Amino acid sequence: MAEEFNTDGMLDMFLYESSQLLEKLEGILLDKQDAECFDDSDINEIFRVMHTIKGSSGIMMYENITKVAHRLEDVFYYLRESRPDNVPHLELVDKVLAVSDFISGELAKIKDGEKADGNETELLADLDEFLNRLKGEIKDQGIRLPKQQKHEEPSQFYIAPVASEESKFYRVVIHYRNDTQMSNLRAYSATYALKEVAEDLLYTPEDIISNEASADVILAEGFYMLLQTKITADEIRTLIDSSEAETIDIEEINAEQYGKGLVELGHVEAAPIVINLEGEAGAEKQEAPKAAPMPGDYVVKSKETGKGKTLAKNQPKQQSIISVNVEKMDALMDLIGEIVIAEAVVLQNPDLNVPGLELANFQKAAAQLSKITTELQEIIMSLRMMPLTSVFQKMKRIVFDVSKKLGKDIELEVIGENTEVDKNIIEHISDPLMHLVRNSVDHGIEEDVLDRTKLGKPERGKITLEAKNEGGKVYISVRDDGKGLNKEKLYNKALANGLIGDKAITDFTDKEIYRFITLPGFSTKEVVTEYSGRGVGMDVVVKNIQSIGGRLDIDSTEGQGSEMTLVIPLTLAIINGIVVQVGNSSFVMETASVKEFVRVSEDAIVQEPSGEEYIVLRGECYPFIRLKDKYDLEGATSTVSNGIVVVLEYEGSQVCVLIDRLLREQEIVVKPIPPYIKKVRGLSGCTQLGDGSIALILDISGLMENKERSQ
């Protein structure tokens, strides 16, 4: 008796698992794009991926995904069973990527709450044509074709056990790992996979769809199946998804044991039924003699849906991995930020400054509170950290697609893909990074191979995508060994477009000229193509990066290549900072950027005729900035000897800043500067201090950039 199907609670798991499988699938394809063919392990893995997606989408009733996955599964079924020669590898890669794109598009619709209504007809016809062509080639080679797979709509079923001489009987027991989520769904996938080859299939627990508690039963005691079929145990094992299984035990039994097993599973009545020995209507009926139970001797016992078994012992261990909604994580992170601010308000309360007030016990409790708050913050932040693997995987696909359409031979080298950053950061950098990679392929790498060989370069172009953590920042660079940027061409283009007024080229540094490509409407492409040249949309890239407190650095050597580097914070939420005071204003400097604090005399200051100031420390000369003059602050000291010089370091360069006094070091909850306030170079955000006042967060790169610009 079929159970009432309910997908409540399964959707998130389906989307997550399918997305992970598609990422794995694309990884296999892109790693083997230059190979002559897929090896056996690749074919088996792609088959398993499609088989799993087919089963889970069938359970979730997304028919178009099920049909497409099943058709591609058929292709790899033939490849696995027939092992033909001369399979068009690159065409096969394209077919699989087309299926991956279709399923990804449907998953995106489902995730957005829309209906998965993509038309799969054309894709199915394309796969059919490829498969028929492949089968024709197999016949030409004289290879025996494997048995055709038949697709049936997913449903729970019972097949009458009519045994033949070729029938075999099996007892199958699957034990899933203790941390497996929704094991009942995986168990149902196993039954769905075996449905195509089963003459008879019964299992326990029976209510794996309608009763969520059946998942606990499966984890505790395993999932038991009795299978009557004509295939071998090894073939059964290949059909069952083993990704979450700890063990899969398949035992071949005889018909008598199979019949007894039906009784043990509770699927059948133990009493024999009345049968017609003569097989004719109206013939005399006799009661069958009692004998050992045999297949076909019993009828299925109907059970009420929704009533699972409760075990008093062997309960599963607590799961070590759970899935958490991202919105809940975001809310939790916001609360941690508020706790940090509230802690500062308590510990810096002016009421504690009463002379003679005994605070020993308070300070002890405050220290314990700070310790707990810090640990809590670190744990929450670690939960949000994700590797860049998925983002870099998308870049591999982009290089593959764009280089193929442009007719360029390009390899992509990936370094540091396991670098972890905050999930929100990943969401912000995915599109800008995609734009940079596409432009490197389209405009960075030479179109004519002869242009490369003349300069002694290999015919194949190379793009390197690298990520690394350094000083609380994440550096993601896109390097190509292409033609590089021509400074004169960039300057003339900007001048012709009226983007720089009438300034001479000597008025700009090399980096400032390279930065012209980020100006709105600027492009070095003479002809507009599907894939824009550097500069088209680069202003959007810069804005997106700046919105998360990052920046884009550009460097290039003409004839050798270019490098675009995204410099982004490790997290958007909380940083360690040093609070300083300049006049009546408070500023925050990121602790990782502070090299030292020093006191100097006026003799250490060197002033150029242009008004620029430098400070000499231990024989080294550093740029010098007075925040009082830079931001026109009232009440700040003008005398160097009365203040403190802070040496700030950034990417190997230093700049010195004059402040009035140090206040404290504390954790800072980063808040963006409100959009109605004009962006000021050298400031990256703001925060609330313990006394309720607002402090501005200094952007060290912006300060140094300003200094370079003024020179």
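Strands β2 and β3 pair in the antiparallel sense, with 6 bridges between them. β3 covers residues 223–229. Within this pair, Asp200 stands opposite Gln228 of β3. The model is predicted.

The two strands belong to an open sheet of 4 strands. Its order is β2-β3-β1-β4, and the pairing is antiparallel. β2 (198–204) and β4 (245–253) stand at the edges; each has a single partner strand, so one side of each is left without a neighbour in the sheet. On average, neighbouring strands of this sheet are turned by 20° against each other, direction ignored. Strands of a sheet pair through backbone hydrogen bonds, either parallel or antiparallel.

Helix α6 (residues 183–195) lies across β1 (168–176), β2 and β3. The helix runs at about 5° to β3.

**Cavities**

Helix α6 also takes part in a cavity lining. Across the whole structure, a search finds 3 cavities of 30 Å³ or more. The largest has a volume of about 190 Å³. It is lined by 19 residues, and the closest to its centre are Thr52, Leu185, Arg186, Ser189 and Asp241. α6 gives the largest share of this lining, 6 residues. α1 (11–31), α2 (40–59) and α6 each supply at least two residues. By type, the lining of the largest cavity divides into 9 nonpolar, 6 polar and 4 charged residues.

**A second strand pair**

Strand β12 (residues 551–557) is joined to strand β13 (residues 561–569) by 7 bridges. These two strands also run antiparallel. Asp555 stands opposite Glu563 in β13. The hairpin of β12 and β13 has 3 residues between the strands. There, Gly559 takes a positive phi near 90°.

**Backbone geometry in loops**

Most residues other than glycine have a negative phi, and most peptide bonds are trans. Two residues other than glycine with positive phi are set out below.

| Residue | Phi | Loop | Relative accessible area |
|---|---|---|---|
| Arg618 | near 50° | between β18 (613–617) and β19 (620–626) | 65% |
| Asp632 | about 55° | between α18 (627–630) and β20 (644–650) | 67% |

Why does Arg618 count as exposed? Its relative accessible area is 65%, and exposed means over 50%. Asp632 counts as exposed too, at 67% relative accessibility.

A cis peptide bond runs from Thr204 to Pro205, with omega near 0°. Pro205 is found in the loop between β2 and α7 (214–221). Thr204 is the last residue of β2 (198–204).

**A buried glutamate**

Is Glu667 buried or exposed? Glu667 is buried, because its relative accessible area is 15% and buried means under 20%. This residue is found in strand β22 (residues 661–669).

Which residues does Glu667 touch, leaving aside its neighbours within four places in sequence? Glu667 is in contact with Val340, Thr374, Gln377, Ile574, Ile575 and Asn576. One of these partners, Ile575, is 92 residues away from Glu667 in sequence. In space, the two are 5.7 Å apart, C-alpha to C-alpha.

Methods:
Residues are numbered from 1 along each chain as its sequence is written. This is a predicted model: local features need pLDDT of at least 70, side-chain atom pairs count only at pLDDT 80 or more; totals for chains, interfaces and linings use all residues. Side-chain values use heavy atoms; hydrogens and water are left out. Two strands pair if DSSP finds at least two bridges between them. Axes are lines fitted to C-alpha atoms, for helices over the stretch in contact, and angles run from 0 to 180 degrees between N-to-C directions. Contact means heavy atoms within 4.5 Å. On a 1 Å grid over the protein atoms alone, a cavity is a set of points where a 1.4 Å probe fits but cannot get out, and a pocket is an open set with protein on both sides within 12 Å along at least five of seven lines; lining residues have an atom within 4 Å of a point. Grid points are joined across faces, edges and corners, and a volume is the space filled by probe spheres set on the points. Ala, Val, Leu, Ile, Met, Phe, Trp, Tyr, Cys and Pro count as nonpolar, Asp, Glu, Lys and Arg as charged, and the others, Gly among them, as polar. Buried means under 20% relative accessible area, exposed over 50%, partly exposed in between (1.4 Å probe, protein chains only).
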